[in-house]
Amino acid sequence: MQITLQEANESLRSLEKLNERPFSIANAYKISKLYDVIKSELVAFEKASQKKIAELGLAKPLPEDADQKATDARRLAIQDYQLESAQLLESTPIEVPDFKLKLADLGDAPIAPAALVGLDFFLEEV
């Protein structure tokens with residue numbers, strides 16, 4: 001199954017919360033496998049992102065006495081980076097394990113709706 005890097009990014013915190021809950025061995029394995037794939041992809045994205053930030057010189061603060069031209073150039077570099085990063089997140093498909101977890105498999109323990117945000121690609125109501 002494919003999801004975008006953006007969907008992966010939105011699901012990571014929820015998967016971390018699910019990883020803390022007890023499940024059957026089969027479901028724990030599936031959730032763990034999904035988490036590992038998504039985490040790996042996001043780590044690769046973060047490394048590429050940090051490299052780009054360094055290339056653009058955005059990791060270093062502007063000097064306090066920077067002129068308007070330098071300030072404007074920095075602002076444009078930041079905007080370009082943010083746009084490129086957002087486009088990459090939205091357009092890059094990643095392959096994740098193809099399985100569905102039934103909501104009933106989450107058990108009786110209370111779970112906050114926020115913990116399920118971003119997980120609709122692998123949760124089913126049945």
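Rings of Phe, Tyr and Trp (its six-membered ring) count as an aromatic pair when their centres lie within 6.5 Å, and the planes are called stacked under 30 degrees apart, edge-to-face over 60, and tilted for the rest. By that yardstick, this structure holds 2 aromatic pairs. One of them joins Phe 99 and Phe 122 in an edge-to-face arrangement, 5.4 Å centre to centre with 75° between the planes. Phe 99 sits in the loop between E2 and E3, and Phe 122 in the loop between E3 and strand E4 (123–124), so this pair ties together parts 23 residues apart in sequence.

A quick word on what you're looking at: it's a predicted model, where local features need pLDDT of at least 70 and side-chain atom pairs count only at pLDDT 80 or more, while totals for chains, interfaces and linings use all residues. Residues are numbered from 1 along each chain as its sequence is written, and side-chain values use heavy atoms, with hydrogens and water left out.

pLDDT is the predictor's confidence in each residue, from 0 to 100. The protein's mean is 89, with 98% of its residues at 70 or more. Strand E2 (residues 93–95) has the highest confidence at 96, and strand E3 (residues 101–102) the lowest, at a mean of 86. Helices (H or I, at least four residues) and strands (E, at least two) are DSSP runs, numbered from the N terminus.

Now the helix packing. Axes are lines fitted to C-alpha atoms, for helices over the stretch in contact, and angles run from 0 to 180 degrees between N-to-C directions.

| Helices | Angle | Axis distance |
|---|---|---|
| H1 (residues 5–19) and H2 | roughly 135° | within 9 Å |
| H2 (residues 25–55) and H3 (residues 68–91) | about 160° | 11 Å |

The H2 angle makes that helix roughly antiparallel to H3, while H1 is oblique to H2. For the labels, angles under 35 degrees are roughly parallel, over 145 roughly antiparallel, 65 to 115 roughly perpendicular, and the rest oblique.

Which residues of H2 meet H3? Phe 45, Ser 49, Lys 52 and Ile 53 do, touching Tyr 81, Glu 84, Ser 85, Leu 88 and Leu 89 in H3, where contact means heavy atoms within 4.5 Å. On the other side of the story, H1 residues including Leu 5, Ala 8 and Leu 12 meet H2 residues including Ile 31, Leu 34 and Phe 45.
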